[in-house]
Amino acid sequence: MTTPDSMRRVLVTGAAGYIGSHACMRLIESGCRVVGLDDLSRGHRGATRALESAASRAPGEFEFVEGSIADRTGTVELLTDRRIEVVMHFAAFAYVGESVERPLLYYDNNAGGACRLLQAVEEAGVPRFVFSSTCATYGEPPEDRIPIAEDCPQSPINPYGRSKLMVERMLEDRVEAARTAGTPFAATMLRYFNVAGSDPEGRVGEDHRPETHLIPICLEVAAGRREALVIHGDDYPTPDGTCIRDYVHVVDLVDAHLAVMDAMKDGELRRYNVGLGHGWSVREVLESCRRVTGRDIPATMGPRRPGDPPTLFANASSIGRDLDWSPRFTDLDETVATAWRWMQANPSGYGAD
Ligand code: UFG
């Protein structure tokens with residue numbers, strides 16, 4: 001296949017995962033030449049097949065490469081051979097609980113892996129890097145810092161958040177070094193709040209194993225695959241006693257990546273929160289899932305889950321101002337409906353893949 005020179009050439013790491021696959025889909029739709037890299041340790045081959053099939057009908061192109069970001073030499077070859085202009089880095093482990101139990105796994109994969117990837121990016125001379133960061137880097141901000149703005153002090157409370165913050169620090173130093181040397185490089189870290197929903201056309205979706213996130217768990221109960229939702233505590237200092245989170249639709253989130261990819265200038269380091277700017281409680285999310293599915297969704301009350309801050313939502317005004325980004329999915333029921341559609345069409349997710 002010959003790629004026209006006008007096509008943007010983007011490497012997406014973690015392309016077979018939840019957010020990475022949605023990013024690939026939007027890039028393909030917008031006419032990019034996308035190389036998806038994934039070691040399939042947590043991603044799904046089914047997602048890469050869906051992307052290949054979408055690419056056959058879209059203006060862009062998609063190629064899947066099975067491999068690891070830890071393979072620095074392999075990545076340099078890939079970046080050079082495909083003449084990659086932008087790297088979007090999603091490949092990471094993202095279970096807070098697991099990170100507490102197996103911290104070194106997280107430091108190795110998330111921080112060590114990113115370091116090797118950044119070395120490859122430097123060696124291959126790729127000038128743009130977009131990093132998937134998280135609101136978990138803020139830890140438990142004091143009440144007077146909520147909504148959380150980008151200048152809120154970052155003090156993560158678990159190894160997952162610390163591993164992501166380490167990558168932010170690497171990027172700060174790398175951009176500074178490039179600026180000093182006068183070599184072309186720019187990076188952006190996008191700090192995601194609670195990412196939810198699925199491709200509205202149902203081509204790719206959310207399939208975590210195990211699933212720990214609130215919305216898919218509610219929907220699994222609705223689908224009869226679990227008995228009940230266990231609400232992790234209702235004695236928090238919030239109006240209904242349950243935790244409040246900012247649920248941003250995955251399509252809006254990946255749109256932010258596309259917007260920033262075109263906006264970055266050499267020598268720049270940008271940091272943006274990506275969220276809606278307000279939140280919903282666990283009970284409100286449960287009610288939304290009941291409305292959307294028309295099913296009962298039994299719920300029981302359990303103890304607090306360690307490490308859950310009562311309230312987290314973004315001040316996302318910087319990204320709105322700088323990139324003209326605004327979320328299209330502001331109605332929680334609509335976000336839940338996209339996840340429900342995918343789950344109904346794919347009752348066992350990507351299946352054995
Ligand atoms: N919850 C329940 N029952 C469940 C699952 C979740 O009550 O079965 C509650 C949680 O306690 C929390 C809320 O629903 O109050 C949202 O929980 P999620 O697990 O869906 O999301 P988190 O807010 O814990 O996690 C998200 C991202 C993480 C990131 C974290 C930062 O998914 O990757 O925000 O705080 F690290």
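**Backbone features, ligand shell and helix crossings**

Proline 147 is placed in the loop between β5 (128–134) and α6 (159–181). In this predicted model, the peptide bond that leads from isoleucine 146 to proline 147 is cis, and its omega is near 5 degrees. A cis peptide bond also joins arginine 209 and proline 210, with omega at about 0 degrees. Proline 210 belongs to the loop between β7 (194–196) and α7. A further backbone feature concerns arginine 83, a residue other than glycine with a positive phi, near 50 degrees. The loop that holds arginine 83 runs between α3 (72–81) and β4 (86–89).

The surroundings of the ligand were examined next. Around the ligand there are 22 residues, of which Leu214, Val230, Arg245, Arg305 and Asp308 come nearest. By class, this shell consists of 14 nonpolar, five polar and three charged residues. Several side chains place polar atoms close to ligand oxygen atoms. For aspartate 308, an N or O atom of the side chain is 2.5 Å from an oxygen atom of the ligand. In arginine 305, a polar side-chain atom lies 2.6 Å from a ligand oxygen atom, and for asparagine 194 the corresponding distance from a polar side-chain atom to an oxygen atom of the ligand is 2.9 Å. On its own the ligand has 680 Å² of accessible area, and the protein covers 90% of this area. Two or more residues of the shell are given by each of the elements α7 (214–222) and β8 (229–232). The largest share comes from β8, which supplies four residues.

Helix α7, one of the elements that contribute to the ligand shell, also takes part in helix packing. Two packed helices are described by the angle between their axes and the distance between the axes. The axes of α7 and helix α9 (residues 282–293) come within 10 Å and cross at roughly 40 degrees. The helix α7 is therefore oblique to α9. The crossing in which α7 passes α9 is right-handed.

A second crossing involves helix α11 (residues 332–345), whose axis comes within 10 Å of that of α7 and crosses it at roughly 55 degrees. This angle makes α7 and α11 oblique to each other. Here, α7 passes α11 in a right-handed crossing.

Conventions: Residues are numbered from 1 along each chain as its sequence is written. This is a predicted model: local features need pLDDT of at least 70, side-chain atom pairs count only at pLDDT 80 or more; totals for chains, interfaces and linings use all residues. Side-chain values use heavy atoms; hydrogens and water are left out. A residue is near a molecule or strand if one of its heavy atoms lies within 4 Å of it. A polar contact is a pair of N or O atoms within 3.5 Å; within protein, one must be able to donate a hydrogen and the other to accept it, and residues adjacent in sequence count only if both atoms are side-chain atoms. Accessible areas come from the Shrake-Rupley method with a 1.4 Å probe; for residues, only the protein chains shown count as cover. Ala, Val, Leu, Ile, Met, Phe, Trp, Tyr, Cys and Pro count as nonpolar, Asp, Glu, Lys and Arg as charged, and the others, Gly among them, as polar. Axes are lines fitted to C-alpha atoms, for helices over the stretch in contact, and angles run from 0 to 180 degrees between N-to-C directions. Angles under 35 degrees count as roughly parallel, over 145 as roughly antiparallel, 65 to 115 as roughly perpendicular and the rest as oblique. A crossing is left-handed if the near helix is turned anticlockwise from the far one by less than a right angle, and right-handed if clockwise.
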